[in-house]
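What follows is a guided walk along the backbone, taken one unusual place after another. Please look over the sequence and the model before reading on.

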Amino acid sequence: MQDTFFLAEDKDDVTRNIVLRSHTSSVQSRVMLTSQPPIRIICPGRVYRNEAITARAHCFFHQIEGLYIDKNVSFADLKQVLLYFAQELFGPDTKIRLRPSYFPFTEPSAEMDVSCMLCGGEGCSFCKHTGWVEILGCGMVDPNVLELCGIDSSIYTGYAFGVGVERITNLKYMVKDLRMFSENDTRFLEEFQAIH
Ligand SMILES: [Zn+2]
C-alpha cells in the first residue's frame, strides 16, 4: 500500500531484491512465528517509503507498534489502552474517537483521532475546524494472521496498533518541518532534554 524502496543485492552471480520495510509489522510476525501467547510487545524501528522529502513527508521515519495476544483480549481493552496513552501524552482532558478503517492484517480495523490539542475540540485551522486530529491506526489481529503464525485463533485474540514517532512529536511540540529531526542541527536538538 506504500511506495517502497528496493535494493538490488548481487551475490554469487544472483541478483536479489531486498525490500526496505515500510512498516515495523515485520517484527510482529516474527515474534508470533517464534512464540506462543501471552505475547506483549512494543517494537520501535525505522521505516522507509519512497516519497519526496518535504517539510511534511520524509523517505524514512520511525514507528512504534504494539501487539497484545492472550485469552479474552477484546476491542474494549484496545480502546482503554489507547485512551490511557492519549491522556498520558496530551493531558487528562484528551478525548479519543475511533473511525472504521482497513488494514490488511487486522479485522476490524480503526483509525484513532484525539481531540485537537490546540483548540480542545472547538475547531481551529490546525484541525481543519473538525476538533479532531488523526494520530494512529489499530485493530484486532485478523484470526487468519494468528493461524498462519501457528497460534490457535479459537483460544486467543489480540490487538495491535502502530503510531509514527515523528507524527506524535510534531503534535506535541508543533515542529513545523519533519526534516529537522534528521539534520542533527544542535540548535534544534538542544531544545529537547533527555530525562535521566
Ligand atoms: Zn483545533
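The loop between β6 and β7 (132–141) is a good place to begin, for H129 is found there. In this predicted model, H129 has a phi near 65 degrees, which is a positive value in a residue other than glycine. Because a residue is called exposed if 12 or fewer other C-beta atoms lie within 10 Å of its own, H129, with 11 C-beta neighbours inside 10 Å, counts as exposed.

A positive phi is also found at M174, a residue other than glycine, where the angle is near 55 degrees. The place of M174 is in the loop that runs between α4 (165–173) and α5 (186–189). Is M174 buried or exposed? With 10 C-beta neighbours inside 10 Å, M174 counts as exposed.

Why do such places deserve a look? Most residues other than glycine have a negative phi, and most peptide bonds are trans. With the second half of that statement in mind, we can turn from phi angles to peptide bonds.

Between P37 and P38 the peptide bond is cis, and its omega is near 5 degrees. P38 itself has its place in a loop, the one between α1 (25–34) and β3 (39–48). Further along the chain, E107 and P108 are joined by a cis peptide bond whose omega is about -5 degrees. Where is P108 found? P108 is found in strand β6, which comprises residues 106–115.

Conventions: Residues are numbered from 1 along each chain as its sequence is written. This is a predicted model: local features need pLDDT of at least 70, side-chain atom pairs count only at pLDDT 80 or more; totals for chains, interfaces and linings use all residues. Helices (H or I, at least four residues) and strands (E, at least two) are DSSP runs, numbered from the N terminus. A residue is buried if 20 or more other C-beta atoms lie within 10 Å of its own, exposed if 12 or fewer, and partly exposed in between; C-beta atoms are placed from the backbone.
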